[in-house]
Amino acid sequence: AGQPILVDFTAEWCAICQVNKRVALENSEVLAMLKEKGATVLLADWTDQNAKVGAGLAEFGRAAVPLYLIYGRDPAQPPEVLPQTLTPGIVLDALKKL
C-alpha cells in the first residue's frame, strides 16, 4: 500500500530478540523515526513455532529467529534484511533510506 513496514520475526524465548527489542527497537530515536516515516511494525511471533511464521523465515533462508525486514514504499522492491544483532544506529540507517 506504499507504506514502509518493519517486520520483526521474534519469539519470547529468543534472548537475542529480547535484547534487540530493548536496545534498538524500543529506542526513542528509532520509535520517532518510525513515526516520522509513517512506518508500520509487524510482529511475526514464532514463540509457538507457528507454521506461517516458519514459512516466512524459510522464504529468507532462515530456520530460526531473529529476522528483521524493512520494506520500503515500493512493494515491487525486496526488503532490506537487517543483521541479527541490532543497534539503534543500524535501524536508523535503514529507516533513513526510506
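**Exercise 1. Determine what the buried residues of helix H4 pack against, and which residues these are.**

Solution. The buried residues of H4 pack against helix H1 (15–25), helix H2 (28–37), strand S3 (67–71) and strand S4 (80–82), where contact means heavy atoms within 4.5 Å, and helices (H or I, at least four residues) and strands (E, at least two) are DSSP runs numbered from the N terminus. The model is predicted, so that local features need pLDDT of at least 70 and side-chain atom pairs count only at pLDDT 80 or more, while totals for chains, interfaces and linings use all residues. Residues are numbered from 1 along each chain as its sequence is written, and side-chain values use heavy atoms, with hydrogens and water left out.

Next, identify the residues: within H4 (residues 88–96), Val91, Leu92, Ala94 and Leu95 are buried, buried being under 20% relative accessible area, exposed over 50% and partly exposed in between (1.4 Å probe, protein chains only). Seen down the axis, the buried residues of H4 fall within an arc of 160°, so they line one face of the helix; the arc is that of the directions from the helix axis to the C-beta atoms.

**Exercise 2. Establish which residues of H2 are buried and which are exposed on the other side.**

Solution. Start with the buried set of H2, which consists of Val30, Met33, Leu34 and Lys37. These residues cover an arc of only 100° around the axis, which puts them on the same side of H2. Then turn to the other side of H2, where Ser28, Lys35 and Glu36 are exposed. Finally, look for the cover: what lies over the buried residues of H2 includes S1, H1, S2 and H4.

**Exercise 3. Find how many salt bridges the structure holds, and describe the partners.**

Solution. The structure holds 1 salt bridge, defined as a side-chain nitrogen of Lys or Arg within 4 Å of a carboxyl oxygen of Asp or Glu. The side chains that meet in the salt bridge are those of Lys97 and Glu80, at 3.4 Å from N to O. This pair links distant parts of the chain, since Lys97 lies in the segment after H4 and Glu80 in strand S4, 17 residues apart. As a last step, compare the accessibility of the two partners: Lys97 counts as exposed, at 61% relative accessibility, whereas Glu80, with a relative accessible area of 29%, is partly exposed.
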